[in-house]
Every structure is written in C-alpha cells, then in structure tokens.
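Please open the model in a viewer and keep the sequence panel at hand. The stops below proceed from the whole chain to individual residues.

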Amino acid sequence: MDRRMINIPETFARMYKRAPTEDDIGILMKMKAEQDAFKNKAITPREGDLVHSKKAQERAKISAAKRDKNGSVAVPQRTCTINKLIMFGLSTGQIADALFMKFEAVESDIEKYKLPRQNLRKKK
C-alpha cells in the first residue's frame, strides 16, 4: 500500500491557484481511480462479474416470475394510448399534438416498446 496520502483539494489549489469545484474533484478522483486500477488489475471489475453474481441471478428469477406467460408487455397508460392511436391510423405528429406531448417523446415510446403491438397491458 502506498504510504503517501494525496490530498486532492490541496494539490488542485497548488496547481491552479484556486479552490476546486465539485466537478473538478470528481474528475480528479476518477483519474486517481483509473490510475490505481491500471496499477492493480485485481481491483478492476471483470466483464460478466455482475451477470454471474448471486444478487443478479436472484433479481432475474424474480423478474421472470413476474413476466406474463402469454407474451404481453406491461406499459404505462400513456404508451397504451399511443398504441391505440397508432392503430387508429394517426401519425406521430398528430398523436403528439393530441396528447400535448413532444414529438420526440412519442417517437421514444414507439421505439422503446416497438409500437404498434397487440399484446400490451397497463402497468398496475
């Protein structure tokens, strides 16, 4: 272990002749962590560690148990409305205007849930 303790705010103040902001401290701490990780490969997370952890497996089982067996997808009320309006033949611009939403928000929902779909249900 390194015996020298680096005081990030003092070092920054000496280098730049001003007190560091929160963003500056965050950047410096991230740089320090990257340097430490480069020196000691044991502290860098390996790819797939999270996927194989016990908690991740447990969450996946709970999520699979909550999934509907017939393939329907639980979506918010707004997304159900957008889906219905698409099925009625309205364009994305007309839907955004009718629901007082931004065009980008409607397009985001369409892409996120791959609308229009037949198997949607409202979230509880």
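Begin with the whole chain in cartoon representation: from the N terminus, its elements follow the order α-α-α-β-α-α-α-β. That amounts to six helices and two strands. The model is predicted.

**The chain as a whole**

Switch to a surface display. The accessible surface of the chain is about 10,700 Å², and carbon and sulfur atoms contribute 57% of that area. Of the 124 residues in the chain, 19% are buried. Among contacts with a separation of 6 or more, 56% join residues 24 or more positions apart.

**Helix 1 and its aromatic rings**

Select residues 8–16, which form helix 1. The structure contains one aromatic pair. Its members are Phe 12 and Tyr 16, whose ring centres lie 4.6 Å apart and whose planes meet at 40°, so the pair is classed as tilted. Phe 12 and Tyr 16 stand four residues apart in helix 1, which means that about one helical turn separates them. The two residues may also be coloured by accessibility: Phe 12 is buried, at 5% relative accessibility, whereas Tyr 16, at 47%, is partly exposed.

**Helix 4 and its cover**

Next, select residues 77–87, helix 4. Which residues of helix 4 are buried? They are Thr 79, Cys 80, Ile 82, Asn 83, Leu 85 and Ile 86. To see what lies over them, add strand 1 (73–75), helix 5 (92–98), helix 6 and strand 2 (120–122), which are included in the cover of these buried residues. Just beyond the end of helix 4, Gly 89 adopts a positive phi of about 95°.

**Where helix 4 meets helix 6**

Keep helix 4 and add residues 103–113, helix 6. The axes of helix 4 and helix 6 approach within 10 Å and cross at roughly 90°. The two helices are therefore roughly perpendicular to each other. Show side chains at the crossing: helix 4 contributes Arg 78, Thr 79, Ile 82 and Ile 86, and helix 6 contributes Val 106, Asp 109, Ile 110 and Tyr 113. Sorted by class, this contact of helix 4 with helix 6 comprises five nonpolar residues, one polar residue and two charged residues.

Centre the view on Asp 109, which belongs to helix 6. Is Asp 109 buried or exposed? Its relative accessible area is 5%, so Asp 109 counts as buried. Setting aside neighbours within four places in sequence, Asp 109 is in contact with Arg 78, Thr 79, Ile 82, Lys 114 and Leu 115.

Then, still within helix 6, select Ala 105. Ala 105 is partly exposed, with a relative accessible area of 25%. A distance label between the C-alpha atoms of Ala 105 and Thr 92 should read 10.0 Å; the two residues are 13 residues apart along the chain.

**Asn 83 and the cis peptide bond**

Return to helix 4 and select Asn 83. At 5% relative accessibility, Asn 83 is buried. What does Asn 83 touch, not counting residues up to four places away in sequence? Its partners are Leu 115, Pro 116, Arg 117 and Leu 120.

Two of these partners, Leu 115 and Pro 116, are joined by a cis peptide bond, with omega at about 0°. Pro 116 is located in the loop between helix 6 and strand 2.

**Positive phi outside glycine**

The last stops concern backbone angles. Most residues other than glycine have a negative phi, and most peptide bonds are trans.

Select Lys 114, which is also in the loop between helix 6 and strand 2. The phi of Lys 114 is positive, near 55°, although the residue is not a glycine. Lys 114 is exposed, with 62% relative accessibility. This residue has already appeared among the contacts of Asp 109.

Finally, select Phe 100, in the loop between helix 5 and helix 6. Phe 100 is another residue other than glycine with a positive phi, here about 55°. At 77% relative accessibility, Phe 100 is exposed.

Notes. Residues numbered from 1 in each chain as written. Predicted model: local features only at pLDDT ≥ 70, side-chain atom pairs only at ≥ 80, totals over all residues. Heavy atoms only, no water. Buried < 20%, exposed > 50% of the residue type's maximum accessible area, 1.4 Å probe, protein only. Contact = heavy atoms within 4.5 Å. Areas by Shrake-Rupley, 256 points an atom, 1.4 Å probe, with all protein chains shown as cover. Axes fitted to C-alpha atoms, helices over the stretch in contact; angles between N-to-C directions. Parallel < 35°, antiparallel > 145°, perpendicular 65-115°, else oblique. Nonpolar A, V, L, I, M, F, W, Y, C, P; charged D, E, K, R; others polar. Phe/Tyr/Trp six-rings, centres within 6.5 Å; stacked < 30°, edge-to-face > 60°.
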